[in-house]
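Dear colleague,

Please find below the structure that I am handing over to you, together with its sequence. My notes on it follow directly after.

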Amino acid sequence: QGQLEESGGGLVQAGGSLRLTCAASYGYFSDLHLAWFRQASGKEREFVAYIHWSGDPTTYADSVKGRFTISRDNAKSTGYLQMNSLKPEDTGVYYCAQGGRYADPKTYAYWGQGTQVTVSS
């Protein structure tokens, strides 16, 4: 069964940066689109960013556009989410996912366990 593992979360002050990493343990990472979602306490999981299996195109939620950058290294079976100019409202558990379509979390088959991002004001 496919497995993804996120890392890189933590506590950061508003305006700071974090880089999240998503590592796949299966051999077909390069064949699948990759997305990042997040879930704040008491809220539904929401779409953050998406990248095509080839690396292009990429798509972002309006709330993170211009601040976050999604990328991937298929040779390393690893995806990334560079988060700059972080805001308190970016706080939540961040998940990477594969095997789905664009921004709909219900279509994704493979999920990591999540990594906590906390942005203090």
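**Strand β3 and its sheet**

In this predicted model, the side chains of strand β3 (residues 18-24) alternate between two faces. Leu18, Leu20, Cys22 and Ala24 point to one face and are buried, whereas Arg19, Thr21 and Ala23 point to the other and are not.

Strand β3 belongs to an open sheet of 4 strands, arranged in the order β1-β3-β8-β7 with antiparallel pairing. The edge strands, β1 and β7 (68-73), each pair on one side only. On average, neighbouring strands of this sheet are turned by 15° against each other, direction ignored.

The two partners of β3 may be described in turn. With strand β1 (residues 4-7), β3 pairs in the antiparallel sense over 4 bridges, and Glu5 stands opposite Ala23 of β3. With strand β8 (residues 78-83), the antiparallel pairing of β3 runs over 6 bridges. On that side, Leu20 stands opposite Leu81 of β8, and Thr78 of β8 is the bridge partner of Ala23. As noted above, the side chain of Leu20 is buried, while that of Ala23 is not.

Arg19, which points to the face of β3 that is not buried, lies over the face of Tyr80, at 4.1 Å from the ring centre.

**Aromatic pairs**

A search of the whole structure finds 10 aromatic pairs. One of them joins Phe37 and Tyr108 in an edge-to-face arrangement, with 5.4 Å centre to centre and 75° between the planes. Phe37 lies in strand β4 (residues 34-39) and Tyr108 in the loop between β9 (92-98) and β10 (110-111), so this pair ties together parts that are 71 residues apart in sequence. Both Phe37 and Tyr108 are buried.

Tyr108 also forms an edge-to-face pair with Trp111, at 6.3 Å centre to centre and with 65° between the planes. How do these two residues stand with regard to exposure: buried or partly exposed? Tyr108 has a relative accessible area of 6% and is therefore buried, the limit being under 20%. Trp111, at 23% relative accessibility, counts as partly exposed.

Ring pairs link Phe37, Phe47, Tyr50, Tyr95, Tyr102, Tyr108 and Trp111 into a cluster. One of the members of this cluster, Tyr95, also has a charged residue over its ring: Arg45 lies over the face of Tyr95, at 3.8 Å from the ring centre.

Yours sincerely

Notes. Residues are numbered from 1 along each chain as its sequence is written. This is a predicted model: local features need pLDDT of at least 70, side-chain atom pairs count only at pLDDT 80 or more; totals for chains, interfaces and linings use all residues. Side-chain values use heavy atoms; hydrogens and water are left out. Buried means under 20% relative accessible area, exposed over 50%, partly exposed in between (1.4 Å probe, protein chains only). Two strands pair if DSSP finds at least two bridges between them. Rings of Phe, Tyr and Trp (its six-membered ring) pair if their centres lie within 6.5 Å; planes under 30 degrees apart count as stacked, over 60 as edge-to-face and the rest as tilted. A charge sits over a ring if NZ of Lys or CZ of Arg is within 6 Å of the ring centre and within 35 degrees of the ring normal. Axes are lines fitted to C-alpha atoms, for helices over the stretch in contact, and angles run from 0 to 180 degrees between N-to-C directions.
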